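Colleague: Before I rely on the descriptions of this model, I should like to hear the reasoning behind them. Please show it to me and justify the terms one by one.

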Amino acid sequence: MNPLTIDALEICLKETEETLRSADSTFLKEPISYLKSHLPEFLYVESPDFDDYKVDSLVIEVDDIFGTYMVLFGLQGKKKEGDAIRSYIESILQQQLIGFSISFSDNEGLWEVNMPLDPIEGFEESMPIEQVLQLLHQALDGLRNQMKAGK
């Protein structure tokens, strides 16, 4: 799989969603544990590669209550695809579903997905942010394939 192309990487404040600063390629080398030492912040990521997966952007943060790494994104799709989406995500999370939620908005035709990163095979707290994004890229690729197959 090719490296992820990133159009925007912003460090934002959870409370207000205000952008604190734009991050550069050097920041991608930081370990994802950066978020645990900066709990009030989240990462906002845009990539043209997400278009293939019907995802505009995603957010990575640490859950304030459980202390788990979370990814949040909207996924364009049909309501009838819910079982395929849920099944695939549950499998990559190895049935460790604390923090996982999925809901459908009829008005927008959008699945709102909150998914913990910790249970995903290969995830480590010491990983650079760019490797975490690559891991998510692979997970989204698998999800797209599952949705296409209608499983």
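Colleague: Which residues does Leu133 touch, leaving aside those up to four places away in sequence?

Modeller: In this predicted model, Leu133 touches Leu4, Ile6, Leu28, Val45, Leu58 and Ile60. Each of these counts as a contact because heavy atoms lie within 4.5 Å.

Colleague: What makes the largest nonpolar core a core, and which residues have the most contacts inside it?

Modeller: The term applies because the residues are buried, belong to the nonpolar types listed for a core and are joined through side-chain atoms within 4.5 Å. The largest such set has 44 residues, and those with the most contacts inside it are Leu58, Ile60, Met115, Leu117, Leu133 and Leu136. At least two residues each come from β1 (8–13), α1 (34–37), β3 (41–46), β4 (55–62), β5, α2 (82–92), β7 and α3. The element that gives the most is α3, with nine residues.

Colleague: Why is the pair of Phe27 and Tyr34 called edge-to-face?

Modeller: The ring centres of Phe27 and Tyr34 are 5.0 Å apart, with 85 degrees between the planes. The limit for a pair is 6.5 Å and planes over 60 degrees apart count as edge-to-face, so both conditions are met.

Colleague: How do you know whether Phe27 and Tyr34 are buried or exposed?

Modeller: Phe27 has a relative accessible area of 10%, and Tyr34 has one of 9%. Buried means under 20%, so both residues are classed as buried.

Colleague: Why, then, is the pair of Tyr69 and Phe123 called tilted?

Modeller: Here the centres are 5.4 Å apart and the planes make 55 degrees. That angle is neither under 30 degrees, as stacked requires, nor over 60, as edge-to-face requires, so the pair is tilted. The pair links distant parts of the chain: Tyr69 belongs to strand β5 (residues 69–76) and Phe123 to the loop between β7 (110–116) and α3 (129–149), 54 residues apart. Tyr69, at 0% relative accessibility, is buried, and so is Phe123, at 11%.

Colleague: What lines the largest pocket, by class of residue?

Modeller: Its lining has seven nonpolar, two polar and four charged residues. The volume of this pocket is about 210 Å³. Among its 13 lining residues, Glu17, Phe42, Val59, Glu61 and Leu72 are the closest to the centre. Glu17 and Glu61 count as charged because Glu is in that class, whereas Phe42, Val59 and Leu72 count as nonpolar. Two or more lining residues come from each of β3, β4, β5 and β7.

Key:
Residues numbered from 1 in each chain as written. Predicted model: local features only at pLDDT ≥ 70, side-chain atom pairs only at ≥ 80, totals over all residues. Heavy atoms only, no water. Phe/Tyr/Trp six-rings, centres within 6.5 Å; stacked < 30°, edge-to-face > 60°. Buried < 20%, exposed > 50% of the residue type's maximum accessible area, 1.4 Å probe, protein only. Helix = DSSP H or I, 4+ residues; strand = E, 2+ residues; numbered from the N terminus. 1 Å grid on protein atoms, 1.4 Å probe; cavity = no way out; pocket = protein on both sides within 12 Å on 5 of 7 lines; lining within 4 Å. Points joined across faces, edges and corners; volume = space filled by probe spheres on them.
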